[in-house]
Each structure stands twice: as structure tokens, then as C-alpha cells.
Amino acid sequence: MSFSSTVKDELCRLDNLSECCMISELAAVVSLNGTAAAVPAGGYNIRIITENAAFARWIYSCIRQLCNISPEVTIRKSRKLRKRASYMLFVTPASGSAKLIRRIGAEVVRKNTQGQPELVLPEPSDSKDRCCKKAYLRGAFLAGGSVSDPEKTYHLELTSRTMEQAMVLKHMLESFGLNARIISRKGGYVTYLKEGENIVDFLNIVGAHRALMELENVRILKGMRNSVNRIVNCETANLEKTVNASVRQVENIKYIADCMGLDSLPQGLREIAELRLEYSDHNLTELGRLLTPPLGKSGVNHRLRKLDQIAEKHRQRCDPSGR
Ligand SMILES: [Zn+2]
């Protein structure tokens, strides 16, 4: 199951909602997902189509409970492979579409160029209860929302037909401190959120607490994976530095041995030079432990630097052009 479906499934199963919130949620669903068609004899047919069975059930029982209307339900099975069934809920003037429109506080306006009727909700005021704003966002997500699999990316979006609807959603999200943006896509509008933090907040607001835990787990794992990678990268870099230094030291010691002989070195330097030649893969601490008495890391480093300097000085004297 996709993460979107997980969230929707959970949202359709929330219970103990107060009536004010149910109305607000249904209003979002009907205005964002429903269409109105004028009937010659007067009134409108309201139609809502969804591919999510649990959501279809939720709309049905919500309309029944709030308006005492039983919508007609038809299931359309596409013959195309892999295309899922879709559920159509239908309310005619005879079964009470006017009552449904009134109950959700909408009106039908002929506003687009073809004179098609459009279900329009009044601009929600800022004084609208927070519980009902949350419910509206829940309805908007159920009606036309989706959220990416958090393993891949953090993206949550709410689709709508008109710019006005998209703006209402943006303002509502902003009133909860979420940073939403709008883009137009395929003749409609998308209000979207980025960043894990915003999406966690959204899931919390709409009440998808189980999905929220799931997302937090993914975020923690992702964070851990990143820091493990950082540590591994850092260790690789350190190892490379150690190896490069060792290669340089061995080169210099061999040069000294060739030109001057290691016997010409003071005892402390000769000892470390011999050890370095023998144990080129040891780090400084390990080399220091092989000395009697043992020498600390910085002591070893000091002696090896001295050897580098001796080789360097000798090179400049014998072969000023460098080699
Ligand atoms: Zn409410």
C-alpha cells in the first residue's frame, strides 16, 4: 500500500467527530471532489467519484448521518488492466441534493466560461473553529490529496479545480504555521508542502497519528543512515591522509638511506625510520608502541617530520632543481 493510501485509510476510520467538523469535512470533499449538473426540471445532480473504497463508504455514511439522504452508489470496474474500480456517489434533486448543498453551506454558481454550474463554498473566516479548519484540511486531503513515500522524498499536495480553492487551502495551512505553495497543473491547481517537518505537522493536524509515527520512523532511519555515511566518509578521508603521509615518509626515508645511510641519523630518528620502513601501514600511535620505551603519537610525529626535513634539505643541497 502506498503511503498516501495508508494516510487516507486511517483518516476514513476516525470516529467521534463532532457535527461541526463533519460538516466542514464533507464541505471540503463535496466542493473539491464533487460536480454539480443542472437538471432540466430544476435543481442539480451532485456527483462524487473516488477510487478509494473506504473513502466512498465514509462519504456515504457522512451524507446519511448529516442530511438523512442515501446517495446512489455505482461501482465502475474499468476493463483496463491494473486500473482500479471507481465508486460514484450520486444525489439527485429528488433524493435531496438541495438539502446537501444547504447543509454544507455551499451555493451553486455558474461562473466558468461554459456556464457550467460550480459548487462554491463561502470563504472560510478566520474565526472558524480550529477543529473545523483541521476537518476541512482532512476532507481536502481525502478528496484530492497525496503524499510521497517518505523513503523517497517529502512532498504532500492537495489538488483543486480553481485558484480560489487553492488559495483557501494555502491560507488554512498557513494559519497552522505551515509553509504552503501553489502551482498550476493540468488545468487545475496544486497546493503543496515540502520538508519532513511540515508533513509531520500536517499529519498531526488532520489526525493521522499512526501514519505520522510511520513517517517519523523513516525520518529517524534516514537521519541515522546519513550520519553513518558521514562517519564512514570521514574515516575514509582520515585513512587516506594516513596512507598518503606514510607513503611520503617511506619515500623520504629511502632517500636518506640511499644518499646518507640511516647510520648517519641520531639513534632516535634511525629507530623510527627503520620501523616506518618495516610497518608502512601502521599509524603513528601503533608505531610509537613498538619503540622501547614507547613513544606517544606526537613524539612519533615530531621525529617523522624531522626525517622529512632532513630529506628535503639534502635534496635541495644535492639537486636544487628538485626531482
Ligand atoms: Zn469543528
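This is a short selection-by-selection tour of strands and a helix in a predicted model.

**Stop 1: strand 4**

Start by selecting residues 86–91, which make up strand 4. Five of its six residues are buried, meaning under 20% relative accessible area, so strand 4 is largely enclosed by the rest of the structure.

Now add residues 44–50, which form strand 2; strand 2 and strand 4 run antiparallel and are joined by five bridges. To see one facing pair, show I48 and L89, where L89 belongs to strand 4 and stands opposite I48.

Next, bring in residues 72–76, strand 3, which pairs with strand 4 through five bridges, again in the antiparallel sense. Pick E72 here and look across to F90, its bridge partner in strand 4.

**Stop 2: the four-stranded sheet**

Move on to strands 7, 8, 10 and 9, which form an open sheet in the order 7-8-10-9 with antiparallel pairing. Which strands stand at the edges? Select 145–147 for strand 7 and 181–185 for strand 9: each has a single partner strand, so one side of each is left without a neighbour in the sheet. If you look along the sheet, the twist from one strand to the next averages 25°.

For a pairing within this sheet, select residues 155–160 (strand 8) and residues 188–194 (strand 10), which are linked antiparallel by six bridges. One pair to display is E157 with Y192, its bridge partner in strand 10.

**Stop 3: the helix on the sheet**

Finally, select residues 163–175, helix 6, which packs on the sheet and touches strand 8, strand 9 and strand 10. Compare directions in your viewer: that of helix 6 makes about 15° with that of strand 10.

Key. Residues numbered from 1 in each chain as written. Predicted model: local features only at pLDDT ≥ 70, side-chain atom pairs only at ≥ 80, totals over all residues. Heavy atoms only, no water. Pairing = 2+ DSSP bridges. Helix = DSSP H or I, 4+ residues; strand = E, 2+ residues; numbered from the N terminus. Axes fitted to C-alpha atoms, helices over the stretch in contact; angles between N-to-C directions. Contact = heavy atoms within 4.5 Å. Buried < 20%, exposed > 50% of the residue type's maximum accessible area, 1.4 Å probe, protein only.
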